[in-house]
Amino acid sequence: MSLSKDQVQHIATLARLRLADDEVGDVVDKLSRIVDFVDQLQAAATDGVVPMAHPLNQGQRLRADVVTERDERERFQANAPAVQDGLYLVPKVIE
Amino acid sequence: MSSDGCALHTRTLTELAAGLADREFSSRELTEALLGRINDLGDKLNAFITLTADEALQAADHADKQIASNSAGPLTGLPIVHKDIFCARGIRTTSGSRMLENFVSPYDATIVERLNQAGVVTLAKTNMDEFAMGSSNETSYFGPVLNPWDHTRSPGGSSGGSAAAVAARLAPAATGTDTGGSIRQPAALTGTIGLKPTYGRVSRYGMIAFASSLDQAGVITRSAADAAMLLQVMAGFDERDSTSVDHPVPDYSAALEQPLKGKRIGIVRQHFDAGLDPSNAKQVRAAIAVLEAQGAIIKEVDLPNLDLSVPTYYVVAPAECSSNMSRFDGVRFGHRAKDPADLFDLYCRSRSEGFGAEVQRRIMTGTYVLSAGYYDAYYLQAQKVRQLIAEDFRKAFADVDVIAGPTSPTPAFALGDKTDDPITMYLNDIYTIGANLAGLPAISVPCGSVDNLPVGLHLVGPHFAEEQLLNCAHRYAMATDWHTRCPEAYR
């Protein structure tokens with residue numbers, strides 16, 4: 001296994017995922033296989049190659065800094081699991 | 001006025017457009033006929049997640065008024081289905097995930113808006129691999145789609161519902177998205193035509209993101225002319241998509257009939273190595289011979305880094321996926337876990353409950369390759385290899401106009417066959433992934449049959465060569481009848 005159980009649990013925490021005890025073994029196995037598979041990239045000769053970010057090597061376009069959107073808060077919040085007075089509700093974070 | 005309603009489902013978009021223009025039937029009659037067919041046969045294939053019958057009939061009535069007043073456009077009143085990855089205002093949009101099981105989109109994707117404005121009638125939203133992450137449609141929270149050619153087999157993925165719906169004549173055309181082959185592979189496995197345009201050609205706005213530097217919207221149809229008709233409306237610059245490319249949109253139907261005489265078609269040496277099913281190889285070679293018989297010049301080309309395309313993809317795509325999926329936090333929209341102990345617990349449980357196993361695997365792979373200490377070794381290295389792969393294509397296109405080869409290594413595989421090993425599933429996209437990495441347009445065209453299962457011919461062109469691909473696909477289809485074949489139970 002190229003990844004340990006602890007490493008996988010750390011990755012899950014970074015990704016804000018919770019792995020059930022009975023699935024950790026399977027996740028470690030499959031993620032290790034994926035990492036082993038992509039490891040073949042290490043052998044490729046890439047000295048001096050410019051990494052590709054956009055397939056047409058196009059830069060990021062900027063727009064003028066002007067207001068273009070309408071206020072549609074109510075429409076958007078209709079999809080929220082919990083709102084009150086136009087605010088999104090989450091569990092208490094400050095004692 | 002009313003025509004033989006049961007024959008309407010056998011017609012292509014182009015044929016239906018002629019029928020509407022000739023007042024042979026109305027858009028309402030057409031829409032009712034197809035909705036009836038979807039009701040009778042749709043459940044069997046599990047091709048749809050949401051039916052939009054009321055909206056469809058309203059749109060059909062509106063279209064009929066436009067037709068009556070001679071203010072109709074080329075697509076007015078024609079029915080299609082949308083992959084459920086495209087946001088449609090006021091309609092549930094799930095992306096095949098429990099996370100968005102109850103999400104009603106507050107806005108339209110650009111392509112939905114453009115097709116609506118063109119008068120298209122949307123019949124349904126199609127089933128798909130969860131967040132388009134899969135090659136078999138088995139990762140959908142709403143269950144797998146069955147292949148209309150053989151119900152024990154996969155229609156491919158991730159646009160499996162769209163491909164199955166078109167193959168089974170439940171809709172004449174469908175939209176799809178393609179990040180590593182998700183339009184072309186299901187098209188090949190169901191005997192339909194699947195077009196993935198150049199990266200940036202069609203707006204990604206309102207298309208739920210998987211891997212933003214690879215994702216591109218396209219179509220699944222039963223003829224190249226139909227694909228041209230839809231692309232005509234979908235293509236074009238959109239300021240709401242920051243990676244949209246501002247490039248003129250040609251008349252995609254204009255070049256369809258052009259003779260292939262002198263067209264240089266490249267065959268990739270590495271495509272016919274081990275890994276390609278010999279029966280598939282035979283059919284693809286026969287298809288290339290058909291193009292040659294029409295005057296095309298066949299040349300061998302090299303894509304030396306082809307073998308690295310799948311590993312490159314499985315670094316780049318999960319990395320972008322892990323970033324994109326971070327928006328699902330159980331706070332603003334989407335699934336939320338019950339009774340969270342604290343905010344961290346709310347995030348973790350909402351995401352673990354809302355995402356399926358494959359999506360979680362890709363998020364974790366992406367998180368790993370982007371994490372401190374691994375970024376250079378994996379992500380940066382993959383972006384460099386991606387440049388090499390794109391360079392291979394650039395060199396090949398100095399010698400040839402189009403590259404032809406297989407779309408997938410085998411015909412449709414059995415459901416459950418590849419779900420145990422992610423790598424086996426990933427390798428299914430070996431021939432299609434390169435076009436996404438290099439941002440190239442590509443099309444899959446039905447070109448044969450093995451044990452009564454369709455085989456696809458894959459054509460790839462340089463950036464913005466959609467016209468050429470549609471031309472080759474059309475000329476090939478005119479010389480053969482594979483694209484007209486229909487699974488027996490759906491005739």
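1. Two strands are taken to pair if DSSP finds at least two bridges between them, and this predicted model offers a case in chain B, where five bridges join strand β4 (residues 174-178) to strand β6 (residues 216-221). The two strands run antiparallel, and within this pairing B:G176 of β4(B) has B:G218 of β6(B) as its bridge partner.

2. Strand β4 of chain B is mostly covered, with five of its five residues buried. In a regular strand the side chains alternate between the two faces of the sheet. For β4(B), both faces are covered, since B:A174, B:G176 and B:D178 are buried on one side, while B:T175 and B:T177 are buried on the other.

3. Helix α8 of chain B (residues 278-293) has 16 residues, which at 1.5 Å a residue should span 22 Å, and because its end C-alpha atoms are 22 Å apart, the expected and computed values agree.

4. Which residues of α8(B) are buried? They are B:N280, B:Q283, B:V284, B:A287 and B:L291, and because these cover an arc of only 95 degrees around the axis, they lie on the same side of α8(B). The face turned away from that buried side carries the exposed residues B:P278, B:A289 and B:A293.

5. As for the surroundings of this helix, the buried residues of α8(B) pack against four strands of chain B, namely β7 (264-268), β9 (402-406), β10 (442-450) and β11 (453-460), and also against helix α15 (466-479) of chain B. After α8(B) comes B:G295, whose phi is positive, near 105 degrees.

Technical notes:
Residues are numbered from 1 along each chain as its sequence is written. Chains are lettered from A and ligands numbered from 1 in the order in which they are written. This is a predicted model: local features need pLDDT of at least 70, side-chain atom pairs count only at pLDDT 80 or more; totals for chains, interfaces and linings use all residues. A residue is buried if 20 or more other C-beta atoms lie within 10 Å of its own, exposed if 12 or fewer, and partly exposed in between; C-beta atoms are placed from the backbone. The expected span of a helix is 1.5 Å times one less than its number of residues. The arc is that of the directions from the helix axis to the C-beta atoms. Two residues are in contact if their C-beta atoms, placed from the backbone, lie within 7 Å.
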